[in-house]
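Reader: Here is a chain I would like to go through by question and answer. Please keep to what the coordinates support.

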Amino acid sequence: TAKQTGGRSASGGRGGSTFSRAVRQVSVAAGVSVLALAPLASCRAALDLCADGCASAGETSQASVNATDGAGGRDAAGGSPSEAAGNGGAPAICETNDDCADDLICNGDEQCEDNLCVPGTPLTCDAGTSCSEGDPQEPCGFATPSPWLILLGSETIWGLPTAELGKRQLLELGWRKSDGLLVGMNAVTFSANGQHAFVEYLAEDFGQTFLELSFGKGVPKSARPVANLPTWGQYSALEFSPDGRRVLLFDYDLGGYSLDLSGARATVAQLDARIDWGDEVAFCSDNRTWLRVGIRATLYAEASGQPMAVDLEHKDDYDVELSPDGRVIWLGGESQRLVACGPAAQSEALGVHAERAEFSPDSRFLLLTSEEGPAKLLSVTESLTTTEVWSGSGVLDWHWSEGAGSLLLHWGSEDASSYGYVSLSQEQPALVTLALDGAASILSCGREACLARGPAQDDSAGPLVLQALQANAEPVVLGDDSTTAEVVLADFERNRLLLQRTTAQGNELTLSDFAGAPERRLFDWPSGKITVERATDDSGFYIRVKDNVEFSNYWVTIPREANDEATLLPLDVLAYFGTFQPWR
């Protein structure tokens with residue numbers, strides 16, 4: 001059982017939508033820890049760094065300065081011309097503050113008083129951060145980089161890097177008044193690189209506004225409204241460019257906005273473009289061109305700051321697919337073709353007809369299927385050239401393995417069906433039939449195996465089954481009582497399963513592996529629905545329990561060794577959602 005620490009703190013499958021978004025929701029809160037200041041009386045001239053014990057104030061050691069061979073305006077002996085008179089320990093003689101400056105941030109600004117240099121007051125860093133000279137724009141940073149856990153309450157945004165959880169209280173990163181059920185913080189969307197986030201705030205009369213957060217190595221500034229963006233509107237979903245430096249946002253009444261994130265704050269430019277309710281927007285890989293799918297499919301390429309529309313002459317929004325890498329568009333319907341996602345919009349006719357299509361996660365393959373007709377798997381090059389990899393018929397469903405190493409296919413009819421896979425790493429891929437019962441349901445697939453729920457038995461759920469993607473491999477039932485387990489997380493990369501069960505006492509969350517090792521109980525709770533999200537640095541799990549209208553939040557560290565215990569930390573804030581900053 002996870003031990004509770006003291007202290008407070010605040011999948012595969014075909015889908016069916018044109019685009020899928022991971023809307024990241026977040027929140028945060030603020031705490032302060034103050035660095036001890038080195039006694040000024042013990043310091044000689046500020047330029048003679050740390051020879052007298054000033055290192056605790058964040059200054060550089062004399063040895064490290066000497067090693068720089070005079071970097072930062074010093075000579076090889078660690079001194080500057082204005083310091084010559086201070087070699088015996090006396091303060092340097094000066095006329096202006098510039099005579100005393102050592103161009104370092106962490107030890108403060110040196111002053112010239114009565115023609116003598118006086119050391120500055122060392123910079124104080126808050127919330128467990130410490131000062132370093134590497135980044136003059138953000139000198140205070142966390143010693144151990146880690147993704148932020150962001151929690152969202154109706155009025156407050158809280159957060160803390162995962163490496164700091166359990167060491168200090170959650171930091172408050174933003175607050176805004178909420179005086180109604182439908183007023184308050186609602187959602188957070190992160191850029192793919194994790195450097196920017198926008199918090200959606202529901203305003204009165206069903207309007208919206210957005211607060212922005214920017215993340216670096218330290219504590220972000222408090223969330224603030226996006227300048228020059230209307231504070232009340234009925235907005236579309238935010239769409240980030242692949243490089244995370246731009247955002248598209250549309251007000252259904254006033255038009256569109258382009259947000260530039262290259263500076264410290266977002267700068268907003270209004271666009272001469274609109275979208276309608278139900279339309280979807282996605283960036284191309286060039287970060288400047290974007291695709292609108294609605295009544296018509298249209299590419300918008302920016303010219304002189306405004307988007308120029310390129311009509312793709314395609315009227316059906318349900319048969320348009322954009323590859324995950326934002327490079328290629330599939331247009332279905334009567335005349336099917338591939339289009340380069342970019343201002344040139346060159347296209348190639350496919351010469352085949354399909355009712356459904358999906359790109360592989362790595363965008364190298366395109367699967368085309370019909371309800372009961374033929375199916376084709378094509379490889380797609382950057383020049384839009386296609387090569388048939390496999391063809392068949394009667395495909396019911398499919399799942400791409402992690403990294404798109406294989407494609408799992410379910411084919412046949414509702415009365416009789418089979419499972420098989422196509423290995424995409426082979427020079428001549430072929431469909432290999434698996435022993436897995438066609439009545440089983442796939443939960444998720446890794447690079448070498450898939451996790452399935454076996455057919456129901458006597459009106460009860462079927463067992464959990466692991467099916468290796470290998471010829472002649474037999475499915476393996478995981479555990480004697482896996483029919484009572486609900487899979488919360490299947491981590492194929494680390495051979496790990498997170499399972500939930502209902503017990504006589506309530507509910508429990510356990511950690512196991514695909515080899516059927518004894519389960520380790522991480523967490524138990526009497527009642528309510530549980531939500532679990534894995535930290536993006538794989539250091540632990542965020543757990544939220546909803547019991548009626550009450551929410552409880554926890555952080556659980558992941559045991560690294562067989563005999564290690566999990567550590568359970570209650571996050572003592574009234575948050576109703578939490579998630580992790582993207583992390584690379």
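The questions below go from the whole chain to single strands and loops.

Reader: What is the secondary structure content of the chain, and what percentage of its residues count as buried?
Author: The model is predicted. Its chain holds 1 helix and 45 strands. The accessible surface comes to about 27,600 Å², of which 48% belongs to carbon and sulfur atoms. Of the 584 residues, the part that counts as buried is 49%.

Reader: Which element gives the most residues to the largest nonpolar core?
Author: The largest nonpolar core has 33 residues, and L151, I157, L165, L170, V199, L213 and L571 have the most contacts inside it. The elements that give two or more residues to this core are β6 (148-152), β7 (156-161), β8 (171-175), β9 (184-190), β10, β11 and β44 (567-571). With 5 residues, the element that gives the most is β6.

Reader: How many residues does the second core have?
Author: The second core is separate from the largest one. Among its members are L511, I543, V545 and I558. Its size is 16 residues.

Reader: Is F206 buried or exposed, and what is its relative accessible area?
Author: F206 lies in the loop between β10 (196-202) and β11 (208-214). Together with L181 and L182, F206 forms a nonpolar patch on the surface, with about 450 Å² of accessible area for the three residues together. Exposed means over 50% relative accessible area. F206 is therefore exposed, at 64%.

Reader: Why is strand β19 described as largely enclosed by the rest of the structure?
Author: A residue is buried when its relative accessible area is under 20%. Strand β19 covers residues 297-303. It is largely enclosed because the buried residues in it number 5 of the 7.

Reader: Which residue of β19 is the bridge partner of R292?
Author: Strand β18 (residues 289-293) runs antiparallel to β19, and 5 bridges join the two. They form a hairpin with 3 residues between them. In β19, the partner of R292 is T298.

Reader: Which residue takes a positive phi in the hairpin of β19 and β20?
Author: Strand β20 (residues 306-311) pairs with β19 in the antiparallel sense over 6 bridges. In this pairing E302 stands opposite P307 in β20. The hairpin has 2 residues between the strands, and the phi near 55° belongs to S304.

Reader: Which strands stand at the edges of the open sheet that contains β38 and β39?
Author: The sheet has 4 strands in the order β37-β38-β39-β40, with antiparallel pairing. Each edge strand has a single partner, so one side of each is left without a neighbour in the sheet. Neighbouring strands are turned by 15° against each other on average, direction ignored. The edge strands are β37 (486-491) and β40 (520-525).

Reader: Which residue of β39 stands opposite L499?
Author: Strand β38 covers residues 496-502 and strand β39 covers residues 507-512. They pair in the antiparallel sense over 6 bridges. Opposite L499 in β39 stands T510.

Reader: What distance separates the C-alpha atoms of A430 and G420?
Author: A430 has its place in the loop between β31 (417-423) and β32 (431-433). At 38% relative accessibility, A430 counts as partly exposed. A430 and G420 are 10 residues apart along the chain, and their C-alpha atoms are separated by 9.8 Å.

Note on methods:
Residues are numbered from 1 along each chain as its sequence is written. This is a predicted model: local features need pLDDT of at least 70, side-chain atom pairs count only at pLDDT 80 or more; totals for chains, interfaces and linings use all residues. Side-chain values use heavy atoms; hydrogens and water are left out. Patches are made of residues with over 30% relative accessible area and no salt bridge: like charges are joined within 9 Å, nonpolar side chains (Val, Leu, Ile, Met, Phe, Trp, Tyr) within 5 Å. Accessible areas come from the Shrake-Rupley method with a 1.4 Å probe; for residues, only the protein chains shown count as cover. A salt bridge is a side-chain nitrogen of Lys or Arg within 4 Å of a carboxyl oxygen of Asp or Glu. Buried means under 20% relative accessible area, exposed over 50%, partly exposed in between (1.4 Å probe, protein chains only). Two strands pair if DSSP finds at least two bridges between them. A nonpolar core is a set of buried Ala, Val, Leu, Ile, Met, Phe, Trp, Tyr and Cys residues joined through side-chain atoms within 4.5 Å. Axes are lines fitted to C-alpha atoms, for helices over the stretch in contact, and angles run from 0 to 180 degrees between N-to-C directions.
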